Amino acid sequence: MNLETYINEFSKYVICLIMILYTVECFCVFLHSDEESRKGLYFRQNILMFAFHFCSFMVICFETGKVAYLFFYAIQQVILYMAVALYKWLYPKTNRLIVNNLCMMLSISFVFLTRLDYSKAVKQFIIGSTSLVIALIIPFFIRSLKLLKNLKWIYAISGIFLLGLVYVLGTITYGSKISYSIGGLSFQPAEFVKLIFVFFVASALYQSSTFPEVLFSAIIAAAHVGIQVLNKDLGSALIFFIIYLFMVYIATKNIFYVIAGVLAGSGAAVFAYKFFAHVRVRVQAFIDPWSVIDSAGYQITQSLFAISSAGLWGLGLFQGTPETIPFVEVDFIFSAIAEEMGIIFGICLLLVCLSTFIMIMKISADLSDKFYQLIAFGLGICYIFQVFLTVGGGTKFIPLTGVTLPLVSYGGSSMLTTLVMFAIIEGLYMIREDEELEKKKRLELKRQKKEKRRRELKKRRAEEARKEKIRDMQSKNDRYAYEDDGDEIIYDEHLEEVYENVRYIDHARREEKPAVSERREDVRKIVRTGDEEVRRRSDDRKKSKRHKTEEGRRRPEERKKNVRHNPEERPRREVYRNRPDRYYEEEYYEDEYYDDRYYEDEYYEDDRYEPDEYYDDEEYYDNEEYYDGPDYDD
Amino acid sequence: MKERKEKKRKKKFNLPIFVVTIFFAALFVAMSFYIVNYSIQHKMDLISNSYNTRAKVLAKKNIRGSIFASDGQTIVSSYIDDDGSEVRDYKFGKLFSHVVGYSINGRMGIEDKYNYYLINTNAPVTVKAQKDQKKEKYPADDVYTTLDVELQQIASDALGVYKGAVIVTEPSTGKVLAMVSKPDFDPTTIAENWDSYLEDTESGVLVNRATQGLYPAGSTFKILTSIEYIKENPESYNSYRYNCSGSYKKGEDKIKCYHGTVHGSLDFDMSFAKSCNSSFANIGMQLNRDKFNSTLEEMLFNTELPTNDFDCSVSKLTVSDDTSDADMMQIAIGQGPVSISAIHLNMITCAIANNGKLMKPYVVERVANCEGKTVKTFKPEEYGNIIGEDTALVLQGLMETVVKKGTGTKLKNDNYYAAGKTGSAEYGAVKGESHAWFTGYAGSYEGKEKAKPDICLTIIVEGAGAGGEYAVPIAKRIFDAYYDVSYQ
């Protein structure tokens with residue numbers, strides 16, 4: 001049957017194309033600002049995932065001729081789709097890009113482990129499914145456990161203890177102490193400690209990140225790194241170091257800590273190079289693997305053979321010989337993928353990892369609680385740096401350190417840790433959503449309060465205005481009485497001029513924005529005494545020839561001039577009226593009608609020129625003056 | 001609306017996180033570029049590594065491709081014999097032994113350089129499907145060379161039993177038309193004779209003398225001495241005069257003309273044509289040694305030769321102020337510390353024939369799949385001008401004088417014009433033992449005008465004697481064959 005030949009020949013292009021489309025969708029996600037409008041993208045991603053999985057297993061079945069793989073495929077497909085659907089159902093507010101990428105990488109992992117070693121694939125699948133279930137509960141816990149913030153000593157001690165335990169009890173595998181067995185299952189505590197370590201750094205630095213806190217956390221971090229170097233697990237030692245370095249940078253926003261850290265790290269690296277033979281061997285194998293091709297360079301050169309033979313479209317599943325690379329399913333899965341699926345597919349895989357990372361960073365930046373922000377950030381760094389170490393190491397971009405490719409490589413501890421990690425990030429994402437919801441609620445409350453206050457103010461002002469009018473009338477009457485000592489009103493040119501001046505001054509003063517009370521006091525004083533100053537100003541005024549009519553002040557055009565923003569913006573009101581947050585617009589436009597009060601209201605005194613302030617909810621809310629709740633931003 | 005959104009984004013903006021994101025994104029982009037670049041760059045060389053099992057896997061899947069001559073004749077192909085094992089069939093036996101090489105017990109020549117193509121297949125899927133149905137191997141891609149079977153045969157015959165090498169190239173493109181190295185071997189039986197070849201270190205059967213053999217250049221080096229002299233004296237070289245009395249003396253050091261011939265009064269042209277050692281020793285002493293050294297560097301001494309298709313030895317010669325007068329006199333006539341490979345001398349000659357522009361020599365012009373559909377084409381590549389055009393024209397004149405009235409008069413004929421330089425490179429302790437050199441080119445006449453040179457050849461005959469006597473006749477046979485003279 002030569003159908004097989006055709007499938008062989010074309011499947012690699014199809015698979016590669018699916019992966020390219022998937023990657024493009026990954027980055028298109030960032031073009032949309034909210035999850036609602038990304039729905040279509042996510043759905044397409046799920047379809048592409050299904051297509052990739054289906055095509056790959058079809059090729060595997062044709063190549064091996066084993067029907068058992070079909071059943072394996074069906075179960076995988078069910079589990080993966082259950083994961084996608086359950087997440088959607090249990091946590092409607094999760095970030096689905098991360099869930100999708102996670103499932104995509106799991107399916108790539110299952111495909112490749114099936115191709116490389118069926119029994120390992122089954123094992124990985126069982127662990128993966130269990131981990132997915134565990135990961136399903138975690139967002140709920142993260143959301144409800146406020147306790148997590150205050151456990152820094154527990155994190156520090158348990159981290160060092162677990163790593164120390166490996167040093168004492170661990171079994172040596174291929175020169176490194178990385179695991180110990182409990183009841184037949186072997187664990188790699190370093191994987192879990194990475195998570196604990198991120199929590200430790202976050203809890204140590206979220207409140208304040210002055211020098212003492214940084215020093216304290218640096219000592220604990222150094223202990224982690226040191227034990228890992230002694231365990232000869234250079235990869236995770238480096239990961240601890242990098243996580244710490246970047247988290248301190250985010251916590252302190254101080255680049256000097258990073259510079260100091262890099263210097264200390266380079267010093268430590270030189271020290272390690274001089275005193276540890278295994279470090280020297282690694283460096284030698286990086287600089288010239290061909291000279292030690294029989295020993296230390298064997299793995300990396302085999303990996304390079306695999307990558308160089310790939311070509312852009314790959315050799316096709318089962319067409320290459322990735323199994324010649326020792327531990328291909330753990331350390332060099334990327335090389336195997338690149339060889340059979342092609343360099344393009346490999347690059348796409350990298351980009352998918354990168355898009356996951358960017359999404360995590362976005363979540364982190366959007367979190368206003370610093371503790372959660374640091375955790376999201378630290379986990380993101382932990383993830384992307386692992387990807388970088390394993391892919392860079394396997395392609396001789398950087399020295400080889402023997403780290404797994406998260407979610408794709410074979411390894412239970414790594415898979416569980418990464419799934420938990422993503423689950424935590426999903427939890428944090430929901431916290432962010434909660435935060436936003438709460439913010440909106442508080443904002444609404446605030447608005448109602450303000451509305452109330454405003455109404456009261458309005459009432460009070462109306463009252464005052466009425467009283468003022470009466471007083472004015474009285475004093476006018478007094479004056480007329482004084483001038484005329486009778487009911488007859490005699491037109492006095494001089495006095496009329498004074499009144500006019502008063503109105504003018506009143507207007508001029510208002511432009512200079514003095515408080516109303518002060519202004520009125522002045523006016524009264526001037527009226528009573530008929531001050532010389534008034535005359536002088538009146539002369540000035542005559543020159544300017546403005547506001548001669550008695551109605552001047554009350555004229556609507558005049559009032560319009562007093563509105564301190566561009567009158568052309570007025571039509572916007574119509575647009576905003578239909579928006580859910582029109583409250584703020586209305587409030588804002590109301591200001592125009594009550595301009596007198598507007599100028600007198602202390603609150604507005606400073607912000608008068610930035611009317612935007614009144615309807616930009618975040619801006620408004622983040623203004624300390626308006627915010628009563630606890631402040632995390634500092 | 002837009003303003004508002006922008007403002008919103010600005011508010012959420014966290015610079016440190018942004019910086020870190022950009023940092024990792026840049027890192028990943030750099031890594032991706034590196035991976036793509038690495039895999040493309042090392043596609044061919046890594047597959048030939050003996051630690052790489054992929055070549056063996058491919059060999060099991062595909063029948064090794066054939067190698068064709070420029071006229072389409074098969075030089076070598078593979079077939080499956082009755083036992084089901086793959087047999088490599090070299091149709092011309094020993095004829096292409098070095099240039100095409102072998103692929104058993106390691107690899108050599110084209111079999112080595114183009115191994116990647118010879119084991120990979122670009123066969124159309126329909127062919128693959130057919131082969132799958134018959135449970136046969138896929139046909140791998142074939143390599144089409146620039147080699148001319150007739151010229152190769154004539155060159156090989158002309159060299160006869162002598163050890164030595166012949167290279168015939170096309171100066172305007174760099175195509176190698178023939179490449180013979182003797183003693184040769186039969187690639188078909190190389191596995192059986194392997195041990196004897198290895199034991200016989202003296203004759204060096206497996207060495208491709210055309211590219212890997214380093215020889216004293218002898219009088220052919222006078223080309224380089226002349227180039228330098230013309231460069232230094234572009235106006236006055238024509239007024240050069242020397243009276244040869246059979247030897248040149250400076251201090252205690254003495255240079256003798258070949259067989260002690262007394263050439264008498266010579267100008268620059270005749271010094272070159274008659275290959276007068278005394279005169280050239282005199283010229284050599286007048287050269288600026290630093291400038292000479294930089295000219296030599298330009299002429300590719302002490303560097304890898306720019307060619308992808310051959311493993312070449314590096315010609316070695318350094319001249320500096322520390323070089324003694326005795327050495328300088330020797331160098332000027334191509335003796336002493338001068339060592340050059342035949343292909344290098346051929347490239348220099350080609351550059352002269354091509355008005356100074358050197359084309360990279362190549363022997364494979366395309367790779368095609370089993371149905372003849374081109375997979376990859378190798379176009380002539382220009383290396384650059386290693387000699388100024390004016391100097392090259394002068395050199396062309398000098399080399400034509402050699403044929404007209406110098407040591408190469410045997411090449412004079414009416415059918416084509418030839419130019420060149422002979423050489424007799426002394427080697428070893430015994431006086432009079434010398435390698436015969438000839439390097440030159442030939443072109444046809446267009447009416448009375450000389451057309452551009454068509455072919456360029458370099459011949460070295462080990463231990464034969466004078467170049468004019470042993471190498472020039474070989475050149476004549478090849479030129480005659482090329483211009484079909486003998487068959488008229």
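In this predicted model, the side chains of B:Lys131 and B:Glu136 come together in a salt bridge, with 3.3 Å from N to O. Both partners fall in the intermediate class of accessibility: B:Lys131 is partly exposed, with a relative accessible area of 22%, and B:Glu136 counts as partly exposed at 37%. A second salt bridge in chain B joins the side chains of B:Glu298 and B:Lys231, again with 3.3 Å from N to O. Here B:Glu298 belongs to helix 14 (residues 289-298) of chain B and B:Lys231 to helix 11 (residues 222-232) of chain B, so the pair ties together parts that are 67 residues apart in sequence. B:Glu298 is partly exposed at 41% relative accessibility, and B:Lys231 is partly exposed at 35%.

Salt bridges that share partners also build a network in chain A, made up of A:Arg115, A:Glu323 and A:Glu340. Within this group, A:Glu323 forms a salt bridge with A:Arg115, and the closest N and O atoms are 3.7 Å apart. A:Glu323 sits in the loop between helix 12 and helix 13 of chain A, whereas A:Arg115 is part of helix 4 of chain A, so this bridge ties together parts that are 208 residues apart in sequence. The two ends differ in their surroundings: A:Glu323 is partly exposed, with a relative accessible area of 47%, while A:Arg115 counts as buried at 7%. Over all chains, the search of the whole structure finds 26 salt bridges.

Turning to the interface, 60 residues of chain A are in contact with 42 residues of chain B. The two chains bury about 4,900 Å² between them, and 66% of this area is on carbon and sulfur atoms. On the chain A side, A:Phe305, A:Ser308 and A:Phe397 lose the most area to chain B, together accounting for 11% of what that side buries. One salt bridge is found across the interface of chain A and chain B. This salt bridge brings the side chains of A:Glu339 and B:Arg54 together, at 2.9 Å from N to O. Eight residue pairs are counted in polar contact between chain A and chain B, with both residues at pLDDT 80 or more.

Several helices of chain A give two or more residues to the side that touches chain B, among them helix 1 (3-28), helix 9 (234-252), helix 12 (298-308), helix 13 (333-341) and helix 16 (412-484). The largest share of that side, ten residues, comes from helix 14 of chain A. By residue class, the side of chain A that touches chain B divides into 32 nonpolar, twelve polar and 16 charged residues.

A closer view of helix 12 of chain A is offered by A:Gln302, which is placed in that helix. A:Gln302 is buried, with a relative accessible area of 1%. Its side chain makes a polar contact with the side chain of A:Thr324 at 3.3 Å. Leaving aside neighbours within four places in sequence, A:Gln302 is in contact with A:Thr324 and A:Ile325 in chain A and with B:Tyr51 and B:Arg54 in chain B.

Aromatic residues deserve a look as well, with 56 aromatic pairs counted over all chains. The ring centres of A:Phe57 and A:Tyr73 are 5.4 Å apart and the ring planes are at 35°, so this pair is tilted. A:Phe57 is in helix 2 (residues 39-64) of chain A and A:Tyr73 in helix 3 (residues 68-90) of chain A, 16 residues apart. Both A:Phe57 and A:Tyr73 are buried. For A:Phe110 and A:Phe125 the ring centres are 5.4 Å apart with the planes at 75°, so the pair is edge-to-face. A:Phe110 lies in helix 4 (residues 96-116) of chain A and A:Phe125 in helix 5 (residues 118-144) of chain A, so parts that are 15 residues apart in sequence are tied together. A:Phe110 counts as buried at 3% relative accessibility, and A:Phe125 counts as buried at 9%. These four residues belong to one aromatic cluster, which also includes A:Phe50, A:Phe54, A:Tyr69, A:Phe72 and A:Tyr118.

Back in chain B, B:Tyr102 is found in the loop between helix 5 (97-100) and helix 6 (109-113). B:Tyr102 is buried, with a relative accessible area of 6%. Not counting residues up to four places away in sequence, the residues that B:Tyr102 touches include B:Tyr90, B:Arg107, B:Phe185, B:Trp194 and B:Leu206.

Key: Residues are numbered from 1 along each chain as its sequence is written. Chains are lettered from A and ligands numbered from 1 in the order in which they are written. This is a predicted model: local features need pLDDT of at least 70, side-chain atom pairs count only at pLDDT 80 or more; totals for chains, interfaces and linings use all residues. Side-chain values use heavy atoms; hydrogens and water are left out. Contact means heavy atoms within 4.5 Å. Buried area is the accessible area (1.4 Å probe) that two parts lose on being put together, summed over both. A salt bridge is a side-chain nitrogen of Lys or Arg within 4 Å of a carboxyl oxygen of Asp or Glu. A polar contact is a pair of N or O atoms within 3.5 Å; within protein, one must be able to donate a hydrogen and the other to accept it, and residues adjacent in sequence count only if both atoms are side-chain atoms. Helices (H or I, at least four residues) and strands (E, at least two) are DSSP runs, numbered from the N terminus. Ala, Val, Leu, Ile, Met, Phe, Trp, Tyr, Cys and Pro count as nonpolar, Asp, Glu, Lys and Arg as charged, and the others, Gly among them, as polar. Buried means under 20% relative accessible area, exposed over 50%, partly exposed in between (1.4 Å probe, protein chains only). Rings of Phe, Tyr and Trp (its six-membered ring) pair if their centres lie within 6.5 Å; planes under 30 degrees apart count as stacked, over 60 as edge-to-face and the rest as tilted.
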